[in-house]
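I opened a new notebook page for this one. The plan is to look up a few spots, one after another, and jot down what turns up.

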Amino acid sequence: MIRKSRLPSKLALAVRVISVPPVLVTAMMLTLYFKRSEFFRNIQDLIFPILFLGFIPLLAYPVSLIIPSIRKAGRAGQRNLAFVFSIAGYLGCQIWAFASRVSKDLLLICLSYFFSVVILTVVNKVIHIKASGHACSATGPLFYLVYSIGWKTLIPTLIIAALIAWSSVYLKRHTLKELGTGCLVFFIAFGISFLLISVL
């Protein structure tokens, strides 16, 4: 009986860990690299987005253990630092993308990540509406797989999205409203980015 009751918690935690932005970004970029090679001019076009969109935001978690004031603040301090590192990483990706003159498809990914963190910051810190950064960053890769590869990826991405939503609610990290708001933030960021690239 005890083992059965712990299984959902372990599964929810596993889903939560596997669906962190660095893992999803890396999976998305590798999938696109092999399925849509025309997006990439060279290996740097694969490595730099993974570095800026995945690895740099991930650094917030080990750094939060090193800085005493943030460690003392607990989850709230860690979350705030994650916003800072995400802004730095996504801005770095944007600067790199423009400087390197990447393909429009890759620029669209970099732009939408940048606008998503800007909008998330405004929504969470200025308007004080809690939007899930985890949901926002998970929606991006899942959406881009459908957008770039086609409808055949829709069912798997919907299953992954449902698992991510379930794990967040089950572990009481976010409410459905916060998850929905996070998803909406990504789609607004994508819309802005798509319009900008269309104009450029």
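Before anything else, a cut-off I need: a residue counts as exposed when its relative accessible area is over 50%, and as buried when that value is under 20%.

**Entry: loop residues**

I started with lysine 172, which sits in the loop between α9 and α10. Its relative accessible area is 75%, so lysine 172 is exposed. I also looked up its backbone: phi is positive, about 60°, although lysine 172 is not a glycine.

Next I went to arginine 101, in the loop between α6 (75-100) and α7. Here phi is positive too, about 55°, and arginine 101 is not a glycine either. With 70% relative accessibility, arginine 101 counts as exposed.

**Entry: how far to trust it**

Note to self: this is a predicted model. I looked up the confidence and found a chain average pLDDT of 91, with 98% of the residues scoring at least 70. Where is confidence lowest in the chain? That would be helix α1 (residues 2-18), with a mean of 79. The highest mean, 95, belongs to helix α10 (residues 176-199).

**Entry: α7 against α10**

I turned to helix α7 (residues 104-126) and how it packs on α10: the angle is about 135° and the axes are 7 Å apart. The pair is therefore oblique. I noted the crossing as right-handed.

On the α7 side, I listed residues in the contact including Leu108, Leu111, Ser112, Phe115 and Ile119. Among those they meet in α10 are Val185, Ile188, Ala189, Phe190 and Ile192. Sorted by type, the residues of this contact come out as 16 nonpolar, four polar and one charged.

I then picked one residue from each helix. Isoleucine 119 is in helix α7, and its relative accessible area of 17% is why it is called buried. Setting aside residues up to four places away in sequence, isoleucine 119 touches Val185, Ile188, Ala189 and Ile192. I also checked a distance: the C-alpha atoms of isoleucine 119 and isoleucine 155 are separated by 28 Å, with their positions 36 residues apart along the chain.

From α10 I took phenylalanine 190. Is it buried or exposed? At 11% relative accessibility, phenylalanine 190 counts as buried. Apart from neighbours within four places in sequence, its contacts are Leu108, Ser112, Phe143, Tyr144 and Tyr147. Leu108 and Ser112 are also in my notes for the α7 side of the contact with α10. One more distance: the C-alpha atoms of phenylalanine 190 and lysine 152 are 21 Å apart, and the two residues are 38 apart along the chain.

**Entry: α7 against α8**

For α7 and α8, I got an angle of about 160° and axes 11 Å apart. That makes α7 roughly antiparallel to α8. The crossing is right-handed. From α7, the contact uses Leu108, Ile109, Ser112, Tyr113, Ser116 and Leu120, while α8 brings Gly133, Cys136, Ser137, Pro141, Tyr144 and Tyr147. I counted them by type as eight nonpolar, four polar and no charged. Tyr144 and Tyr147 were familiar names by now, as they are among the contacts of phenylalanine 190.

**Entry: α8 against α9**

The axes of α8 and α9 come within 9 Å and cross at roughly 170°. So I wrote these two down as roughly antiparallel. His134, Ala138, Leu142, Leu145 and Val146 of α8 meet Leu154, Thr157, Ile160, Ala161, Ile164 and Ser168 of α9. By type, that gives eight nonpolar, three polar and no charged.

I followed up on histidine 134, which lies in helix α8 (residues 133-149). Histidine 134 counts as buried, at 10% relative accessibility. What does it touch, not counting residues up to four places away in sequence? I found Arg16, Ser19, Val20, Ile164 and Ser168.

Last stop was serine 167, in helix α9 (residues 154-170). Its relative accessible area is 0%, so serine 167 is buried. Leaving out neighbours within four places in sequence, serine 167 is in contact with Ala12, Val15 and Arg16. Arg16 had come up before, in my list for histidine 134.

Conventions: Residues are numbered from 1 along each chain as its sequence is written. This is a predicted model: local features need pLDDT of at least 70, side-chain atom pairs count only at pLDDT 80 or more; totals for chains, interfaces and linings use all residues. Side-chain values use heavy atoms; hydrogens and water are left out. pLDDT is the predictor's confidence in each residue, from 0 to 100. Helices (H or I, at least four residues) and strands (E, at least two) are DSSP runs, numbered from the N terminus. Buried means under 20% relative accessible area, exposed over 50%, partly exposed in between (1.4 Å probe, protein chains only). Contact means heavy atoms within 4.5 Å. Axes are lines fitted to C-alpha atoms, for helices over the stretch in contact, and angles run from 0 to 180 degrees between N-to-C directions. Angles under 35 degrees count as roughly parallel, over 145 as roughly antiparallel, 65 to 115 as roughly perpendicular and the rest as oblique. A crossing is left-handed if the near helix is turned anticlockwise from the far one by less than a right angle, and right-handed if clockwise. Ala, Val, Leu, Ile, Met, Phe, Trp, Tyr, Cys and Pro count as nonpolar, Asp, Glu, Lys and Arg as charged, and the others, Gly among them, as polar.
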